[in-house]
Amino acid sequence: MRLFFATDLHASDLCFRKFCEAADFYNCEALILGGDVSGKLLIPLTVDGDHVTYELGGQQVRVKASELDAEKKRIANMGYYAIEADPEEYATDVAAYERRLLDEAILRIHRWVEYAENRLASTPVRIYFAPGNDDELEVDAAFEGSSVFVNCEQKVVDLGGVEMASCGWSNPTPWRTPRECDEGALRARLEGAIEGVSEPERAIFNFHVPPHGTQLDVCPQIDEDFNVVTVMGNPMQIHAGSTAVREVIEARQPLASLHGHIHESRSATKLGRTWSINPGSEYGEGVLRGVIVNTKGTKVKHTFTAG
């Protein structure tokens, strides 16, 4: 099999369109989409006469009203949700903000499904995915009915001679995301996901969170106020991956394991005979980071991509 894997697109329209083209561009037989398809921010746009104003990245932006559609597209490509609304409307009402954020996430997923159907339904290529820890549970239903997307959460699927087991949940994070749990509960989920794997040495484990204590899970330490911890001006680096994920990989020794979650830790490492791979994510810049995975029997090769 020749597969393409990318993860943590976080609602970037540009990265998703590139992802859909990857099968043809890299001559791959299947597309694997890691978790965290949802975006993180609403960007309220104020339309006042001939101008549009909004705040992005701490900067005030003011453009002509004729540029409204172009600005919405630019914001969507960065993974945010542009909405025409008074910025004060959601400034103090956290519950209303979260409801609108979920509504926009589901609306964008519906558009992604429509795009994928138009682009891939007539081909044999399918998108195998499992929502990540940042994705609300309601997200799953937005993919239902698609002939292209295959939700693999807690399942074993046959990619065409290669089995893949998937789990999008993570160990605890500072942000208390929708799909996270303690290491014991995560271990139980992982074991449930791989229960139907017949030959681990020929299988792929698609686990959103990377194994702890590797090059795949290094990130800055965050304090209780969500600020980066520094020592003499330098960010403190920690391992934020999962011990349960590492234990399952080391015990079962799959052909390869695919991960995301830690955007800045693009790397591959061997745990025993298993190649564990995190292609990283640069969705905010519109860059699709991915990896081509070639399997043959009990052998695997990988090539990182970016574009």
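1. Let's start at a residue that is easy to find: Asn 27 counts as exposed because its relative accessibility is 60% (exposed means over 50% relative accessible area, buried under 20%, partly exposed in between, with a 1.4 Å probe and protein chains only). Asn 27 is not a glycine, yet has a positive phi of about 55°. Look for Asn 27 in the loop between α1 and β2; helices (H or I, at least four residues) and strands (E, at least two) are DSSP runs, numbered from the N terminus.

2. A word on the model: it is predicted, local features need pLDDT of at least 70, side-chain atom pairs count only at pLDDT 80 or more, and totals for chains, interfaces and linings use all residues. Residues are numbered from 1 along each chain as its sequence is written, and side-chain values use heavy atoms, leaving out hydrogens and water.

3. Now compare His 261, another non-glycine residue with a positive phi, here about 75°. His 261 sits in the loop between β16 (256-258) and β17 (267-271). Is His 261 buried or exposed? His 261 is buried, with a relative accessible area of 15%.

4. Next, the inside. The largest nonpolar core (buried Ala, Val, Leu, Ile, Met, Phe, Trp, Tyr and Cys residues joined through side-chain atoms within 4.5 Å) has 29 residues, and Phe 4, Phe 19, Leu 31, Ile 127 and Phe 149 have the most contacts inside it. At least two residues of this core come from each of β1 (2-6), α1 (13-25), β2 (30-33), α3 (94-120) and β7 (127-129). With 6 residues, α1 gives the most.

5. A second, separate core has 20 residues, including Ala 30, Val 162, Val 293 and Val 300.
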